[in-house]
Amino acid sequence: MIDKYADDIASMSNKRKGNFGEIGADLDLNAKGYTSHQPRIDGIDSPGHNGIDIVVEKDGQFFIVEGKYSGSATLNPANPSTGLPKQMTDAWISQDDYKRLRDAVGNDLAEEIIDANNYKRILAKTAPDGSVTYRELDELANDIGSWTP
């Protein structure tokens, strides 16, 4: 799928770019031995995730990952008029009793992650060639450095 759209992704819709970014990160992490726990997007025109894109696990550590296309896509800022916190902050992840996490992985696994407070926040950007770069985020979704899966 990455190869099929690599030459044209830059001129495609934001939805397709979003799916491309998410699929690229998901495939890369799975190829590196991470286990996906969310329903996976399997096509460029599939319905995207409204919330948490990717939840993966490796060696008992969980990672909440926001997949983006490597262009100008950034995390969504806080919206004071709606009360929506900045995307990928702990406030955003935990909003409404962790609804986004529960929607992504179900109640049982969400409870395990919440109870253990056992997750890292990762921003993944997929380039047109399918390569993925990763940045670790702190609880306020500030970039705290590169991350290597």
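Trainee: Phe-20 in this predicted model: is Phe-20 buried or exposed?

Mentor: Look at the relative accessible area of Phe-20, bearing in mind that the model is predicted. Anything under 20% goes down as buried. Phe-20 has a value of 0%, so it is buried.

Trainee: Which kind of ring pair do Phe-20 and Tyr-69 form?

Mentor: The count of aromatic pairs here comes to 5. For Phe-20 and Tyr-69, the ring centres sit 6.1 Å apart and the planes meet at 75 degrees. Planes over 60 degrees apart fall in one class, so this pair is edge-to-face.

Trainee: And how many residues apart in sequence are the parts that this pair ties together?

Mentor: Phe-20 belongs to helix H2, while Tyr-69 belongs to strand S3. Tyr-69 is buried too, with a relative accessible area of 10%. The ring pair therefore ties together parts whose separation in sequence is 49 residues.

Trainee: What about Tyr-134 and Trp-147, which class does that pair get?

Mentor: Both of those residues are buried. Their ring centres are 5.4 Å apart and the planes are at 80 degrees, so Tyr-134 and Trp-147 are edge-to-face.

Trainee: Where in the chain do Tyr-134 and Trp-147 sit?

Mentor: The two are 13 residues apart, and their pair links distant parts of the chain. Tyr-134 is in strand S5, and Trp-147 is in the segment after S6.

Trainee: Which residues make up the cluster that contains Tyr-134 and Trp-147?

Mentor: Ring pairs do the linking here. Besides Tyr-134 and Trp-147, the cluster takes in Tyr-34 and Phe-63.

Trainee: Moving to the strands, how many bridges join S5 to S6?

Mentor: These two strands run antiparallel, and Leu-137 stands opposite Asp-143 in S6. They form a hairpin with 5 residues between them. The number of bridges joining S5 to S6 is 3.

Trainee: Which residue in the turn of that hairpin has a positive phi?

Mentor: Most residues other than glycine have a negative phi. The one to look at lies in the loop between strand S5 (132–137) and strand S6 (143–146), and its phi is near 65 degrees. With a relative accessible area of 4%, it is buried. The residue is Ala-141.

Trainee: Asp-59 has a positive phi as well; is Asp-59 buried or exposed?

Mentor: Asp-59 has its phi near 55 degrees. It lies in the loop between strand S2 (54–58) and strand S3 (61–69). Over 50% is the cut-off for one class, and Asp-59 is at 77% relative accessibility, so it counts as exposed.

Trainee: Which residues does Gly-33 contact, if I leave aside its neighbours within four places in sequence?

Mentor: Start with where it is: Gly-33 lies in the loop between helix H2 (14–31) and strand S1 (35–36). At 45% relative accessibility, Gly-33 is partly exposed. With those sequence neighbours left aside, Gly-33 is in contact with Glu-57 and Lys-58.

Trainee: And what separates the C-alpha atoms of Gly-33 and Pro-77?

Mentor: Along the chain, Gly-33 and Pro-77 are 44 residues apart. In space, their C-alpha atoms are separated by 31 Å.

Trainee: Last one: which backbone nitrogen does the side chain of Gln-38 reach?

Mentor: Gln-38 sits in the loop between S1 and S2. Its relative accessible area is 7%, so Gln-38 is buried. At 3.0 Å, the side chain of Gln-38 reaches the backbone nitrogen of Val-55.

Key: Residues numbered from 1 in each chain as written. Predicted model: local features only at pLDDT ≥ 70, side-chain atom pairs only at ≥ 80, totals over all residues. Heavy atoms only, no water. Helix = DSSP H or I, 4+ residues; strand = E, 2+ residues; numbered from the N terminus. Buried < 20%, exposed > 50% of the residue type's maximum accessible area, 1.4 Å probe, protein only. Contact = heavy atoms within 4.5 Å. Phe/Tyr/Trp six-rings, centres within 6.5 Å; stacked < 30°, edge-to-face > 60°. Polar contact = N/O pair within 3.5 Å; in protein donor to acceptor, adjacent residues only side chain to side chain. Pairing = 2+ DSSP bridges.
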